[in-house]
Amino acid sequence: MTILNLAEYKNRKEHIVMVTCYDYTFARILNDSDIDIILVGDSAAMVMHGFDTTIPIDVEAMAVHVASVSRGAPDKVIVGDLPFLSYRKGLQSSMEAVEKIMKAGAQAIKLEGIDGHEDLVRHIVDSGIPVMGHLGLTPQSVHQLGGFRVQGRTEDDRERLKKQARACQQAGCFSLVLECVPDTLAEEITQMLDIPTIGIGAGIHTDGQVLVMQDLLGLTRDFKPRFVRSYLDGYATMLDAFNRFTADVRSKSFPAKEERYTG
Ligand code: KIV
């Protein structure tokens with residue numbers, strides 16, 4: 001799988017599978033899996049660092065996550081998120097942010113929205129760097145959106161999102177994440193565009209799906225949006241492992257003879 005194959009996926013109507021990842025250990029597992037793309041998302045701010053939004057994470061922290069993932073998953077396409085405001089402070093500083101993420105090991109970058117940075121996207125693409133767009137619920141704008149809520153519910157919003165989707169394609173994005181939009185809108189955008197769409201909370205008609213790894217593995221207990229399907233009760237499984245270790249230590253059944261260096 002390379003960025004170039006993605007267009008073929010769309011033509012063949014074969015769905016693209018993307019999962020987020022932020023560290024080496026999980027990246028190694030994903031490297032051996034059947035998934036197509038790893039997204040080192042700025043959701044790292046929330047699931048790895050415990051913030052309420054994606055706003056606090058900066059380019060340096062994102063570059064550390066990208067580098068860890070790229071060491072663990074050399075065979076996968078890795079997309080790195082540009083964090084909050086890192087691409088809104090002028091060309092020089094935006095390109096420095098792109099450089100850090102790419103030099104850390106990403107093969108493409110993702111950024112949210114398009115209004116006001118169409119030229120920047122063109123410039124990044126013209127610099128030889130693939131760009132993934134992201135529309136709908138764009139978490140970096142959570143305060144402007146009034147919370148993490150479904151977008152594109154009114155006719156005006158639908159039209160605005162369709163216009164933005166066209167702008168992403170025209171600016172040279174190779175694919176587009178659609179987050180938390182009604183399935184009929186995601187379907188319209190997917191049919192309208194030549195580039196593949198990858199949905200999260202956007203229904204079945206997108207060209208691919210993405211989930212945050214912690215959600216997919218059932219590692220988070222506090223919050224489960226309706227679009228999440230967990231394939232493991234990771235929280236319960238891990239809790240049980242920690243508690244069994246504790247019990248074994250306290251009962252002195254760990255370490256056993258074969259787990260000790262004797263002599
Ligand atoms: O940061 C992230 O994890 C994302 C996905 C939700 C698409 O942008």
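Leucine 85 is a good place to start: it sits in the loop between β3 and α5 (91-103). Leucine 85 has a positive phi of about 65°, even though it is not a glycine. Keep in mind as you look around that this is a predicted model. From that loop, the tour moves on to a barrel of eight strands, a ligand with twelve named residues around it, among them Thr20 and Val212, and a cis peptide bond before proline 255.

**The barrel**

- Eight strands close into a barrel, and their order is β1-β2-β3-β4-β5-β6-β7-β8, with parallel pairing.
- On average, and with direction ignored, neighbouring strands of this sheet are turned by 25° against each other.
- In general, the strands of a sheet pair through backbone hydrogen bonds, in either a parallel or an antiparallel way.
- Strand β1 (residues 16-20) and strand β2 (residues 37-40) run parallel and are joined by three bridges.
- Within this pair, methionine 18 stands opposite isoleucine 37 in β2.
- Helix α4 (residues 59-72) packs on the sheet, where it touches β2 and β3 (77-81).
- The direction of helix α4 makes about 155° with that of β2.

**The ligand and its surroundings**

- The residues around the ligand are Thr20, Leu39, Gly41, Asp42, Ser43, Asp81, Lys110, His134, Val177, Glu179, Ile200 and Val212.
- Sorted by class, this shell has four nonpolar, four polar and four charged residues.
- Serine 43 has a side-chain N or O atom 2.5 Å from an oxygen atom of the ligand.
- For lysine 110, a polar side-chain atom lies 2.8 Å from an oxygen atom of the ligand.
- For aspartate 42, a polar side-chain atom lies 3.0 Å from an oxygen atom of the ligand.
- On its own the ligand has 260 Å² of accessible area, and the protein covers 95% of it.

**A backbone detail to look for**

- The peptide bond from phenylalanine 254 to proline 255 is cis, and its omega is near -5°.
- You can find proline 255 in the segment after α11 (234-250).

Technical notes:
Residues numbered from 1 in each chain as written. Predicted model: local features only at pLDDT ≥ 70, side-chain atom pairs only at ≥ 80, totals over all residues. Heavy atoms only, no water. Near = heavy atom within 4 Å. Polar contact = N/O pair within 3.5 Å; in protein donor to acceptor, adjacent residues only side chain to side chain. Areas by Shrake-Rupley, 256 points an atom, 1.4 Å probe, with all protein chains shown as cover. Nonpolar A, V, L, I, M, F, W, Y, C, P; charged D, E, K, R; others polar. Pairing = 2+ DSSP bridges. Helix = DSSP H or I, 4+ residues; strand = E, 2+ residues; numbered from the N terminus. Axes fitted to C-alpha atoms, helices over the stretch in contact; angles between N-to-C directions. Contact = heavy atoms within 4.5 Å.
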